[in-house]
Amino acid sequence: MNKLAETLVPSYIQNLRPYSAGKPIEELAREKGLKKISKLASNENPLGPSPFAVREMTNGLWELNRYPDMHAYKLKKALSDLYKLKMENIILGSGSEGIMGMIAKTFLRPDQEILTSENTFIGFYILARAVGAKLKMVPLKNYKFDVKKMAEAIDDKIKIIYLANPNNPTGTFITKEEFDYLMDHVPDHVLVILDEAYFEFAQDDPTYPDSMNYRYDNVITLRTFSKAYGLAGVRIGYGFAHEDLIEQLTKVKLPFEPNLIAQLGACGALMDTPHLKRTLENNKKQFSRTFDFLQKKDFNPVPSVTNFICFKTGSSEASDWMNNHLLDLGVIIRALKSNEMPEYVRVSIGTPNEMNHFFEAMEKILPEYNKKFGRPTC
Ligand SMILES: *Cc1c(COP(=O)(O)O)cnc(C)c1O
C-alpha cells in the first residue's frame with residue numbers, strides 16, 4: 001500500500017471490505033453477448049420509475065445551475081402531510097444509507113458498540129465499520145431477527161441497535177408483539193435504527209408494526225425511494241425521529257443533499273399513487289408465481305413480505321453454480337456469500353416477462369443442477 005494511505009488511513013478503514021453490488025446489465029450484456037437480460041438482483045422496481053416523477057425530474061434539468069432548496073421544503077411538506085408529522089421530525093438523505101452514514105457520524109466513535117443481527121443489510125455493517133464501531137451480532141432465528149436473544153445481548157456498551165424490518169436478505173419481519181417485546185428491553189439512552197426499506201410491501205400485513213403508529217424518542221425510522229418508489233438511480237431516502245435527533249443529524253449532513261433531481265423525483269413519486277399501486281399489484285402476483293415455482297422445485301423458499309425471495313441451495317458451490325449458469329442465460333440473481341449466507345441465493349421479483357425468463361432459465365439448468373447438488377435435507 002502507498003505509504004501515505006498506510007500511515008494516514010485508520011486500520012478500520014484499511015480493513016473495510018467494500019460493498020459489492022449486483023452485476024450491471026450492460027456489463028453482462030457485453031461479456032456474454034446477450035440481448036435479453038433480466039436483473040433480479042437488487043430489489044429494484046421492475047416497472048421503472050413513476051412517469052410523473054420522470055416528468056418532474058426532466059423539467060428540473062433546466063434548474064441544474066442552481067443549488068436546490070437546502071431545506072427541501074416541498075418534499076418535507078409532502079411527507080409531513082402524508083404521515084401527519086411535523087417537518088422538524090423529518091430528515092432527507094442520499095438514500096437511506098446516506099442517513100445511516102449521518103447517524104454513524106453523529107453518534108458513533110471508534111470501538112463503540114452496535115447491536116444487530118447476523119445476515120442483515122450489509123450496507124449498514126459497512127457504514128458502522130467505516131467509523132470504527134464494533135458490531136455485536138446475534139444469529140437469526142427461523143430467518144428472523146431474534147428479539148429475545150437481542151434483548152439479552154443489550155449491555156452498557158451498546159449505543160445503537162439496528163433492525164431491518166422487513167429484513168434483507170431474508171424478507172421476514174418481526175411482528176408488533178416482537179417489536180414491543182424488544183422495545184420493552186431497550187434502555188432510553190440507546191438509539192434504535194428501524195430500517196423500513198420494504199415498508200410499502202409489508203404494510204398490509206396486520207401483524208406488521210408500522211413504526212408511524214409508535215412514538216419513541218429513541219427510535220429513528222428510515223425509509224427509501226429506492227425500492228417500491230422506483231428511484232434507486234437518484235439515491236434518496238428519508239427518516240423520521242424526535243426533532244432533537246433530527247437537529248443533530250442535520251448538522252453533519254452534506255449541505256443541499258439530496259440533490260435537486262432527487263428531491264423533484266421523490267415529490268413526483270409520492271404524488272403518483274397509481275404507480276405505487278401498480279407496483280404493489282405486480283409484486284403480489286409475480287411473488288406468488290415465483291414462490292410457487294420455487295416450492296414446486298423443492299427449494300423451500302423463505303416466506304417473505306417483500307419484493308424478493310431467499311432460498312436455500314445447500315452449499316456455497318451450489319449457489320455459485322446456479323448464479324453463474326443463470327448469468328449465462330441472462331438472468332442476474334444474488335448469491336448471498338457477502339451476507340454470510342453462502343448456502344442461499346436471493347431473487348428479486350420482476351415483471352411477468354422477467355419472471356418467465358427466470359423460470360425458463362431455471363428449467364434449463366435444473367436437470368444438471370439436480371444431478372450435481374440435489375437438495376439440502378432441511
Ligand atoms: C435497499 C435497502 C436500503 C436502501 O437504501 P437506499 O440507500 O435508500 O437506496 C436500505 N436498507 C435495506 C434493508 C435495503 O435492502
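P169 is placed in the loop between β5 (158-164) and α9 (176-185). The peptide bond that joins N168 to P169 is cis, with omega at about 20°. The structure described here is a predicted model. A second cis peptide bond links E257 and P258. Its omega is about -5°. P258 sits in the loop between α11 (243-252) and α12 (260-271). Most peptide bonds are trans.

Backbone angles also mark two residues that are not glycine. A72 has a positive phi of about 45°. This residue belongs to the loop between α4 and α5 (73-83). A72 is buried because its relative accessibility is 4%, and buried means under 20%. D111 likewise has a positive phi, here about 75°, and is not a glycine. The loop between α6 and β3 (113-117) holds D111. D111 counts as exposed because its relative accessible area is 51%, and the cut-off for exposed is over 50%. Most residues other than glycine have a negative phi.

The ligand site was examined next. The space that the ligand takes is the largest pocket. Around the ligand there are 13 residues. S96, D195, T224, K227 and R235 come nearest. By class, the shell comprises 4 nonpolar, 5 polar and 4 charged residues. Helix α6 (residues 95-107) supplies the largest share of this shell, with 4 residues.

Several polar atoms of the protein lie a short listed distance from ligand oxygen atoms. For T224, a polar side-chain atom is 2.5 Å from an oxygen atom of the ligand. For R235, an N or O atom in the side chain is 2.5 Å from a ligand oxygen atom. E97 takes part through its backbone: one of its backbone N or O atoms lies 3.0 Å from an oxygen atom of the ligand. Taken alone, the ligand exposes 390 Å². The protein buries 94% of that area.Polar contacts elsewhere involve N43 and H275. N43 is located in the loop between β1 (38-39) and α4 (51-60). N43 counts as buried because its relative accessibility is 1%. The side chain of N43 makes a polar contact of 2.9 Å with the side chain of Y198. Another polar contact, of 2.7 Å, joins the side chains of N43 and S348. S348 falls within strand β12 (344-348).

H275 is part of helix α13 (residues 273-296). H275 is buried, since its relative accessible area is 5%. The side chain of H275 reaches the backbone nitrogen of S50 at 3.5 Å.

Two residues were examined in the loop between β11 (334-335) and β12 (344-348). N339 lies in this loop, and S338 is found there too. How does the relative accessible area class N339: buried or exposed? N339 is buried, because the value is 5%. S338 is partly exposed, because its relative accessible area is 32%. Partly exposed is the class between the 20% and 50% limits.

Separations across the chain complete the picture. N339 and H242 are 97 residues apart in sequence. Their C-alpha atoms are 31 Å apart in space. S338 and M355 are 17 residues apart in sequence, with 24 Å from C-alpha to C-alpha.

M212 occupies the loop between α10 (199-202) and β7 (219-224). M212 counts as buried because its relative accessibility is 13%, and the limit for buried is under 20%. Along the chain, M212 and L280 are 68 residues apart. A distance of 20 Å separates their C-alpha atoms.

Technical notes
Residues numbered from 1 in each chain as written. Predicted model: local features only at pLDDT ≥ 70, side-chain atom pairs only at ≥ 80, totals over all residues. Heavy atoms only, no water. Near = heavy atom within 4 Å. Polar contact = N/O pair within 3.5 Å; in protein donor to acceptor, adjacent residues only side chain to side chain. Areas by Shrake-Rupley, 256 points an atom, 1.4 Å probe, with all protein chains shown as cover. 1 Å grid on protein atoms, 1.4 Å probe; cavity = no way out; pocket = protein on both sides within 12 Å on 5 of 7 lines; lining within 4 Å. Sits in = over half its atoms within 2 Å of the grid points. Nonpolar A, V, L, I, M, F, W, Y, C, P; charged D, E, K, R; others polar. Buried < 20%, exposed > 50% of the residue type's maximum accessible area, 1.4 Å probe, protein only.
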